[in-house]
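Here are my notes for a colleague opening this structure for the first time. Please read them with the model on screen.

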Amino acid sequence: MMEQPTPPKTADTMDKGRSGDYLTVRIGGQLFGMPVLEIQDVLGPQRITRIPLVPPQVAGALNLRGRIVTAIDARTRLDLPKNNPDSREMSVVVEYRGELYSIIVDEVGEVLALQQIQPNPPTLNPAWRTISSGIVRLQDDLLVVVDIARLLDFTRTETVH
Amino acid sequence: MDDLMQEFLTETSENITVLDGELVALEQNPNDPGLISSIFRLVHTIKGTCGFLGLPRLEHVAHAAENVLGKFRDKELTVTPPAVTLILEALDAIKYILASLEQSGTEPAGDDQELILRLNEAAQGRFADPAATSAPVSQPVSEPSADAPAGKKSRKKALATVQEAETLDELLAVLTAAQESETVVAATETPPVIVAPTGIPATGPAVAGQAAAAPSVTPAHDVLQDHGGVREPGAGQSIRVNVDLLENLMTTVSELVLTRNQLLQLLRREEESCFAAPLQRLNQVVSELQEGVMKTRMQPIGNAWAKLPRLIRDLSNELSKKIELDMRGSETELDRQVLELIKDPLTHMVRNSADHGVERPADRLAAGKPEIGRIFLNAFHQGGHIIIQIGDDGRGLNIERIKEKAVANGLTTEAELSVMSETQIQQFIFRAGFSTAEAVTSVSGRGVGMDVVKTNIEKIGGTVELRSVAGQGSTFSIKIPLTLAIISALIVEVAGERYAIPQISVIELVQASADNKTGHRIEHIDNAAVLRLRDQLLPLVTLQEVLKLGSSTVSPQDDKYIIVTQIEGHVFGIIVDRVFDTEEIVVKPVSPVVRNVSIFSGNTILGDGSVIMILDPKGISGAAGELTMRCADAIAAPKTRVRQGDLTTALLIFRAGPGGPKAVPLSLIARLEEFERGKMERTGQSHVIQYRGKLMPLIAFEGYSPDLSHGMQQVLVFADELHTMGLMVEEILDITETHVEKELEGLRADLIGSAIVSGRATELIDPAYYLRQAFPGWFSSTEREATQLTRGKRILAVDDSSFFRNLLAPMLGVAGYDVTSVSSATEGLKLCEGGEAFDVIISDIEMPGMSGHQFARTLKHDPRWASTPMLALSSRFAQADIDLGRASGFNDYIKKGDREALLGALSRSLGQQIGSIEGHA
């Protein structure tokens, strides 16, 4: 799949804004790109167990080949309305701080090699700005590059009960 | 060499642990030649091995200690406490060096000249303590110990060889041989468990013969034969395995178990499957595998106790107390991981018992107890769990001091304390920073203790319970799972979601239905759900509300299930919609984002492949909040109060008629009911309702006149064996526990006193008044003759509870007796001294100061009152209590609050008395 040599492993923050291969996903009509190197799996609709009393961005937990994976609702994370329950959602599984997370998206597209990632416009919705490491202009669409670490950063914050 | 050192350290630390125990045993039993030989060999082994490894400092100490022990063995010296102390000191020095070896790989700097000098002096028979120097033992010894010199000889041979050995290979060969002989010698110290290595019946001579026939390890056999083949070598039968390897194996097997469960679940759905037979086989094999792997991790709990005899010995010296340690069930096996985790808490608790619990000999004698205090440890299996009890027969927890400390530390307030039961107050010792020791000693009292103990035990899914009786001692009961790897959990459903509750937390399951068809019904007191379970009111927590889940998938009319659980002395119920099976689950830690939700202790994957959250009842009780727990306190209290003989009373508060809230003792109420007013029928002046197949009279509370044409009516049901009546009240407000004290001036007929409840004066009603209204013939018909007989008879009632005195006086007064009541046995005796005479004496058993038993015994020896019949009134009603009562001189033993029984017993004893008087006349 990869012609060019893999860039040396760097901290998550260093990766942002770098060009490379991205998996395109659609969330609430908007096109997003997730760094392919950070993706472990792409899953179809899953049976998800709800977890009460956790932040609303946490959709629940699912069983991925014997490992328990926390499901994150990308729509809620991006301040978008929830999907209707019968939609066939896809999930992108990533690892963050030694834990597996499955990010629920509307659809999964293709892998694109992205160059010329431009900084976020200052007018971007703050919820989006926190998770985005830049914007790429495609031929007939705009793609928001997702910083996985920042998308999942909230899981470390203390929930208060 | 590293491996060799590691091996040496592991083996030596094991030996040292054994030594500690054996030395203490030797002190108590100084003439046991077997014990002396065994200790000698262990020290010798340590010395021998460290000689090879180039550890001069260790070798010197061990050598000096061995010399002294050698003299013991050869009976040149007598075993005395100072001698044992000296040897123990040497062991401590060895331990210190070993610890340094373990950490840095080298011996610590410095030497032990002073200690070695003393040891050498001792070997010459000169002890620091002059009393210890004494002549050789003169008693005959039952069995000559020929084995030890032989063992020594074989090793000496090996030692000699070492000096001549030139190449490393030679050295290693010799070393192996020597070690082998050492190991066998060490192995002979283990209890004589006979294991036949090849299935040959393991009789002693046969084994010895077999061993002798094997040519390869000659030195070992000399030793064996010297032992006469009585014991069996265990060394060849076991290997050392890295713990991590076992852990990994366990995890893998756990996963295998889960996969098997999944497969079995799939199979259940198939009617006929070609997989059925192989799966059954797999099932069996996996179960065996699981059991086998579990066994590899099992260790006797005695391993965690091995250091305790030494600890107790040192503590008793340090604290000048006499303590005997009684350990039972030390062979009980549990998972080594669990064992490691409870080791420190156990040590801490034993330390506490010795320091805080057991009194000094003089105090014990003064309290009428044997001089030697007893600390006991008991371990046993109970339904998939291990119960470990640690207790002492010391002074028990000092409630007053705990109260002071709790207030001083800002953990609670005086007001809160006043309504707490003793059990609840005792729980404060589990709070952080809590220590009641007056001074910080080197032993305990630093205030970092019981909270850590409790946290550690709860971390592994265990529970700690505390029972303490002033003057009789305290007992902690620890309940821990056999293993941490796989737990049994109950799967429940609420609002369409499934959750697992660890089986260890579940006391029982109750099915409650709206129409009471299961005999259980969820009721509400001021919005707090409660369940009447046997004689207890149980506060309930709705899981759906705690988890903030949406609407339930089952209708409120459907049956609910209540999981009865206990946390820190509070028993409460968790309401769920459905209960499924129990399943074996592997607890997996939750994701970080869930970690601070205290309600979940983990999550797991079920047999059907779905993820399920594991609930932590402790978290639930915490999340359910103050209100529920307050309710729990009040409801849990009556039981405790009765047991502890506390002076507070649980009251049900209600509103009816003019004036403030009214109260009635909870213990007098049979049930709380709500009736449709339309179903009430009128008979003459009163109302009745069909209730449990009978007509029950309904009386309105004095001054309360409800509109009975429509709506629902709240009713308190009072009952005895024959009669049931309902008291109509406006609203049930609360259940609370409080002191009942003041008797009202110019009391209304239906009131027996008043109490301050939540800052308001609350009138206490007399149910007997309403019973008389409902059954006017009750007293007159059944007891008229009795009343004739009893009229004017004088009764002395002794009870420390003013409430019971207030209850007894009017009740017996109505029956025609003339009642004098006093609050203590001493006051009763004063009346006796003052020349008063009574026809019957009724006395409480548990009273502060002089108990009912003592009171009865005293009176039976006093000619003035010896013939007066005595009735015991107690809430304790076990056969043993009754027997004790009778032995003390009570004519009859009546349960507190059982009016019928009391009246019956009164007329019986009076009748007997009259009968006997007539007989004499």
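1. Start with the parallel sheet of chain B, keeping in mind that this is a predicted model. Five strands make up this open sheet, and their pairing is parallel. The order is β31-β30-β32-β33-β34. At the edges stand β31 (818-822) and β34 (892-895) of chain B, and each pairs on one side only. From one strand to the next, the twist averages 20°.

2. Look next at one pairing in this sheet. Four bridges link β33 (residues 870-874) of chain B with β34(B), in the parallel sense. Which residue of β34(B) is the bridge partner of B:Leu871? That partner is B:Asp892.

3. Two helices deserve a check here. Helix α26 (residues 825-833) of chain B packs on the sheet and touches β30 (794-798) and β31 of chain B. The direction of α26 makes about 125° with that of β31(B). Helix α27 (residues 852-860) of chain B also packs on the sheet. Its contacts are with β30, β32 (840-844) and β33 of chain B. The direction of α27 makes about 150° with that of β32(B).

4. Chain B has another open sheet, built from six strands in the order β10-β14-β15-β13-β12-β11. Here the pairing is mixed. Why is one side of β10 and of β11 left without a neighbour in the sheet? Both β10 (506-512) and β11 (522-525) of chain B stand at the edges, and each has a single partner strand, so one side of each has no neighbour in the sheet. The twist averages 40° from one strand to the next.

5. Within the mixed sheet, follow β13 (residues 536-542) and β15 (residues 570-576) of chain B. These two strands run parallel and are joined by three bridges. B:Val541 has B:Ile574 of β15(B) as its bridge partner.

6. Now a helix pair. The axes of α4 (residues 81-104) and α5 (residues 113-123) of chain B come within 11 Å and cross at roughly 150°. The crossing of α4(B) and α5(B) is left-handed. From α4(B), the contact uses B:Leu86, B:Glu89, B:Ala90 and B:Ala93. From α5(B), it uses B:Leu115, B:Arg118, B:Leu119 and B:Ala122. By class, six of the contact residues are nonpolar, two are charged and none is polar.

7. Finally, the interface. How many residues of chain B are in contact with chain A? There are 26, and they meet 24 residues of chain A. The area buried between the two chains is about 2000 Å², with 60% of it from carbon and sulfur atoms. On the chain B side, B:Val593, B:Asn596 and B:Val611 lose the most area to chain A. Together they give 31% of what that side buries.

8. Check the charged pairs across this interface too. The rule finds two salt bridges between chain B and chain A. In a salt bridge, the side chains of A:Arg50 and B:Glu497 meet at 2.8 Å, N to O.

Technical notes. Residues are numbered from 1 along each chain as its sequence is written. Chains are lettered from A and ligands numbered from 1 in the order in which they are written. This is a predicted model: local features need pLDDT of at least 70, side-chain atom pairs count only at pLDDT 80 or more; totals for chains, interfaces and linings use all residues. Side-chain values use heavy atoms; hydrogens and water are left out. Axes are lines fitted to C-alpha atoms, for helices over the stretch in contact, and angles run from 0 to 180 degrees between N-to-C directions. A crossing is left-handed if the near helix is turned anticlockwise from the far one by less than a right angle, and right-handed if clockwise. Contact means heavy atoms within 4.5 Å. Ala, Val, Leu, Ile, Met, Phe, Trp, Tyr, Cys and Pro count as nonpolar, Asp, Glu, Lys and Arg as charged, and the others, Gly among them, as polar. Two strands pair if DSSP finds at least two bridges between them. Buried area is the accessible area (1.4 Å probe) that two parts lose on being put together, summed over both. A salt bridge is a side-chain nitrogen of Lys or Arg within 4 Å of a carboxyl oxygen of Asp or Glu.
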